[in-house]
Amino acid sequence: MYKHYYVNKNQTTNPGFHHEVHTFEHKIQLGIIDTIYLGYFASEIDAVAKAKTIYTDADGCRVCCPFAHRG
C-alpha cells in the first residue's frame, strides 16, 4: 500500500541519534514538524533508500517502518 513518507531533520530527538523515516500519519501523531518530504512509496524500504540520499544515517522508524528499521 502506497504511503507518504518523511525524514526527520532532527536526529537528536530520535533513539539511536539517526534521521528517522516516518509515515505521514505517524509523523503527525508524534508532532514532528521539522521534516523533508521523501515521496509516495509502496514500501518503507524504498522511502529509507531515498532518505539515505539525503542523510546517510537514515533509518526506518521501528513503529511505522518496521521492515526498514535497522536500529
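**Close-ups around His4 and Tyr37**

**View 1. His4 sits in strand E1 of this predicted model.** His4 comes out as partly exposed, because its relative accessible area is 35%. Look past the neighbours within four places in sequence and His4 still has company: it is in contact with His22, Thr23, Phe24, Tyr37, Gly39 and Tyr40. Take Gly39, for instance: 35 residues separate it from His4 in sequence, yet the C-alpha atoms of the two are 5.7 Å apart in space.

**View 2. Here is how E1 and E3 line up.** Strand E1 covers residues 3-8 and runs antiparallel to E3, with six bridges joining the two. One pair to look for is Tyr6 and its bridge partner in E3, Tyr37.

**View 3. Step back and you get the whole sheet.** It's an open sheet of four strands, ordered E3-E1-E2-E4, with mixed pairing. E3 and strand E4 (59-60) are at the edges with a single partner strand each, so each has one side without a neighbour in the sheet. Helix H2, residues 44-52, packs on the sheet and touches E1, strand E2 (20-23), E3 and E4. The direction of H2 makes about 140 degrees with that of E3.

**View 4. Three tyrosines make a nonpolar patch on the surface.** Tyr2, Tyr37 and Tyr40 are the residues involved, and the patch is about 360 Å². Tyr37 belongs to strand E3, residues 35-41. Is Tyr37 buried or exposed? Somewhere in between: it counts as partly exposed because its relative accessibility is 40%.

Methods:
Residues numbered from 1 in each chain as written. Predicted model: local features only at pLDDT ≥ 70, side-chain atom pairs only at ≥ 80, totals over all residues. Heavy atoms only, no water. Patch = residues over 30% accessible without salt bridge, like charges linked within 9 Å, V, L, I, M, F, W, Y side chains within 5 Å. Areas by Shrake-Rupley, 256 points an atom, 1.4 Å probe, with all protein chains shown as cover. Salt bridge = Lys/Arg side-chain N within 4 Å of Asp/Glu carboxyl O. Buried < 20%, exposed > 50% of the residue type's maximum accessible area, 1.4 Å probe, protein only. Pairing = 2+ DSSP bridges. Contact = heavy atoms within 4.5 Å. Axes fitted to C-alpha atoms, helices over the stretch in contact; angles between N-to-C directions.
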